[in-house]
Amino acid sequence: MLTLQLDPEPLRIGRESHNDIVLQPDPQQLVSREHCVIERVGQRWCVRDLDSRNHVYVERSGQQVRVDQAELLHGDAVCVKADTEGAGAPRHWRLVFSDPGQTQFAQAVSWLQYYPASGTVWVLGGLRLPHRVDAPPKARRMLLFMLNRHRELEEPSDGVIVSLAELKSVLWPEDSDPQRRADSAVANVAWELRPALGDEDQRVLQTVRDEGYRLVPRPKP
């Protein structure tokens, strides 16, 4: 087993010889020339897919999930497909991340990664593997509106507050007068959204009494 010490510079992984970690032999060319990178993001170590052909997977507690970007916790394995021939499941290159000290404690809080071009939102960080937010239609509409407002305001660290009146107009545009909807109708949509965000403690989507809702895509630990 090869052990490498990570430093502040990104660690590039791929098929070509200029990468920091070269995944060879690769007779089927399943590994892209520059496949992925492990890099420091604030206090986190993350793996990021570099638009590879066969994607990047993270394995945690026996579960393997495809990721675009994911925070790494102690014991995680970054997996890159190595072989598709023969019987059984494909084999993978496995790069195991070891940080038994600070990382797992520091990243107990999940955060949102928004990809505006595709309209997708991922939950990253925390102790769970990354997962795409799959919410009911109105809850998804509420989330995307709030995320776009957050971007328009240059992503303030304390999040963004959207009023009940604005949310009613966004959620029920077919109504002749959306403001006649009860405030509890918006609360029901928020209630549907929180489980999709894994936000049981309401750190990401916060109720602002008699005003609206605050969205904090990157809550502080």
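Begin by selecting C36, which in this predicted model is buried, with a relative accessible area of 0%. Display its sulfur and look for a partner: the closest cysteine sulfur belongs to C79 and lies 10 Å away, too far for a bond.

Next select C46, which likewise counts as buried, at 0% relative accessibility. For the sulfur of C46 the closest cysteine sulfur is that of C36, at 12 Å, and this again is too far for a bond. Because a disulfide requires a pair of cysteine sulfur atoms within 2.5 Å, neither of these distances, 10 Å for C36 and 12 Å for C46, qualifies, and the count of disulfides comes to zero.

From C36, move to D49, a residue of strand β4, which covers residues 44-49. Leaving aside residues up to four places away in sequence, D49 touches C36 along with H35, H55, V56, V67 and D68, so showing these side chains together gives a view of its surroundings. Which side chain of opposite charge is nearest to D49? That side chain is R66, 5.5 Å away, and D49, although buried, has no salt bridge. What the side chain of D49 does have is a polar contact with the side chain of S52, at 2.7 Å.

Finish at R60, which is found in strand β5, spanning residues 56-60. Is R60 buried or exposed? With a relative accessible area of 9%, R60 is buried, and if you follow its side chain you will find that it reaches the backbone oxygen of E71 at 3.3 Å.

Technical notes:
Residues are numbered from 1 along each chain as its sequence is written. This is a predicted model: local features need pLDDT of at least 70, side-chain atom pairs count only at pLDDT 80 or more; totals for chains, interfaces and linings use all residues. Side-chain values use heavy atoms; hydrogens and water are left out. Helices (H or I, at least four residues) and strands (E, at least two) are DSSP runs, numbered from the N terminus. Buried means under 20% relative accessible area, exposed over 50%, partly exposed in between (1.4 Å probe, protein chains only). A polar contact is a pair of N or O atoms within 3.5 Å; within protein, one must be able to donate a hydrogen and the other to accept it, and residues adjacent in sequence count only if both atoms are side-chain atoms. Lys and Arg count as positive and Asp and Glu as negative; His and the chain ends are not counted. A salt bridge is a side-chain nitrogen of Lys or Arg within 4 Å of a carboxyl oxygen of Asp or Glu. Contact means heavy atoms within 4.5 Å.
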